[in-house]
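Okay, thanks for coming, everyone. I'll put the model up and then walk you through the bits I found worth a look.

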Amino acid sequence: MKVKVISKSEIVMASSAIIIKTEFISSKSTEKFVKKFVKIGVNPDLTDNMELNFEIDKTIDRLNCYLTLAKPDDAVDITEIYKDCYKGTYPFKEMEDPVEVRKMIIDKNYHWVLFKSPEGKTVGCFTYVLDMKQKKGYMRGLMVKRKYQSITNFKKLAIGSAIGMWGTFKNRIYLWYCENRTAHAKTQYISAICGCLPVAFFPNKDIFMNKVESDVFHIIYSEKALYDIRKKPPILISEINDIYKYVQKRYNLEKAKYLKPGYQFNYDLKESYQTIVNENKDKFGYHNVLIKIHGTDSYIKFLYTPMVQNIEKIEYHVNHDVELYVLLKKLKKYASIKNVRYIECFVSAYKPNHQKVFSDLGFKVRGYLPSWNLVKTDYGEIFEDNIVFNLEKGKISPDIQLIPEAQEIVNLVYNK
């Protein structure tokens, strides 16, 4: 039987599947992405054995897997996938603990998409962590067991997961993001063909397979997040000009405003501030650290992960620029004592004074995230842009693998 391959505007039914072109997939928003597949008969329902009745580019002889959401009894299967794919080296050991994974599955903010063989065996998974308050979803842990990797259609399983999750939560989650590895370009490529594009680079952030590795940050938006309820224009320091212009062109954003060149802060008062450090360590080795300025409500808090020697998830509140300077200096001192390799912080694109403090202390601009932080105002909810600042030790791997879009980001924010 002859099967006709479809173009963007053409859909042809085969006896067992629809064949679509790769270029048909990529979309500028989550709504448009899901709509394309609904039109060709894909039902984005992960609660009832979601079938993937399409092929990409051509029919290939692979296991005809279906997708479903994990239940608590699937916890052991999921931990075995992590152990198998990373050969027991995965640094975040809670993912190898069935009790902890079971707790996550029960938690309504975690959703595991399982890849099932026709016989019902779990061959892989994809994890989605939802932040309902911020209306954003984090995609991580896209894996297929090694013995199934050559006989499954990895690309189709990943795309099917996105159809299911983005479709199911289309009115509750407004943006989806992931941090893709650079030891290979496979997940970067799959993200990009869905329209989930790179906007930031995290040099030497992680350790996988016992090697230091960089990540590329990808994101896709709903139209509402990017255009309807986004605050504009941003107010930036000059160091952000190149990456903002790149993102501005991609998403058709407005021109930014900039802090007056040559502006300098007076940090002379810094010696008058005293700081207090509180630190709690959990059973998996994560350190939750809080640094406060004595006599004020100003603080900075963050997650220190010794297993990969990094600091992330930084949040802070200050009343004055000097307080931010003091807290960041204390953070850097803490990082030096702990031999931290990597520090990451997302900073408001509307506070150029804060951006300047980070820059003055040596933090580098590594990306720009439109509509990243959802805040409540007197006029309703609005998304604010953020800038990625980070510090890292060491050179990035000479074997780093990047898709062209990721290479453009690296050229802008790292290879200068």
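Let's start with a question: how do the residues of the lining of the second largest pocket divide into nonpolar, polar and charged? Keep in mind that this is a predicted model. The lining splits into 10 nonpolar, 5 polar and 9 charged residues. The pocket itself has a volume of about 500 Å³. There are 24 lining residues, and the ones closest to the centre are Ser-26, Ser-27, Lys-28, Ser-29 and Lys-32.

Who builds the wall? Helix H1 (22–25), helix H2 (30–39), strand S9 (211–221), helix H7 (223–228) and helix H8 (241–251) each put in at least two residues. H2 has the largest share, with 4 residues.

While we're on H8, have a look at its buried residues: Ile-243, Tyr-244, Tyr-246, Val-247, Gln-248 and Tyr-251. Then, just after H8, Asn-252 takes a positive phi of about 55°.

Go back along the chain a little and there's a cis peptide bond, from Lys-232 to Pro-233, with omega near -5°. Pro-233 is in the loop between H7 and strand S10 (235–236). Right beside that bond in the sequence, Lys-231 places its charged end over the ring of Tyr-350, 4.6 Å from the ring centre. There's another lysine doing this sort of thing: Lys-186 lies over the face of Phe-154, 5.0 Å from the ring centre.

Okay, aromatics. The structure has 29 aromatic pairs. The one I'd zoom in on is Tyr-138 with Tyr-177, a stacked pair at 5.0 Å centre to centre, with 15° between the planes. That pair links distant parts of the chain, with Tyr-138 in strand S6 (residues 136–144) and Tyr-177 in strand S7 (residues 175–181), 39 residues apart. Is Tyr-177 buried or exposed? Its relative accessible area is 14%, so Tyr-177 counts as buried.

Both tyrosines belong to a cluster linked by ring pairs, which also takes in Phe-202, Phe-217, Tyr-342, Phe-346 and Trp-372.

Now cysteines. How many disulfides does the count come to? The count comes to 0. For Cys-85, the nearest cysteine sulfur is that of Cys-125, 7.6 Å away. Why isn't Cys-194 bonded to Cys-196? The closest cysteine sulfur to that of Cys-194 is the one in Cys-196, but at 7.7 Å it's too far for a bond, because a disulfide needs the two sulfurs within 2.5 Å. As for burial, Cys-85 counts as buried at 17% relative accessibility, and Cys-194 is buried too, at 5%.

Last stop, a couple of backbone oddities in loops. Asp-57 isn't a glycine, yet it has a positive phi of about 70°. You'll find Asp-57 in the loop between strand S2 (54–56) and strand S3 (66–69), and at 29% relative accessibility it counts as partly exposed.

Asn-339 is in a similar spot: not a glycine, but with a positive phi of about 60°. The loop that holds Asn-339 runs between helix H9 (321–337) and strand S16 (342–348). Asn-339 is partly exposed as well, with a relative accessible area of 42%.

That's my tour, so over to you for questions.

Terms used
Residues numbered from 1 in each chain as written. Predicted model: local features only at pLDDT ≥ 70, side-chain atom pairs only at ≥ 80, totals over all residues. Heavy atoms only, no water. Buried < 20%, exposed > 50% of the residue type's maximum accessible area, 1.4 Å probe, protein only. 1 Å grid on protein atoms, 1.4 Å probe; cavity = no way out; pocket = protein on both sides within 12 Å on 5 of 7 lines; lining within 4 Å. Points joined across faces, edges and corners; volume = space filled by probe spheres on them. Nonpolar A, V, L, I, M, F, W, Y, C, P; charged D, E, K, R; others polar. Phe/Tyr/Trp six-rings, centres within 6.5 Å; stacked < 30°, edge-to-face > 60°. Lys NZ or Arg CZ within 6 Å of the ring centre and 35° of its normal.
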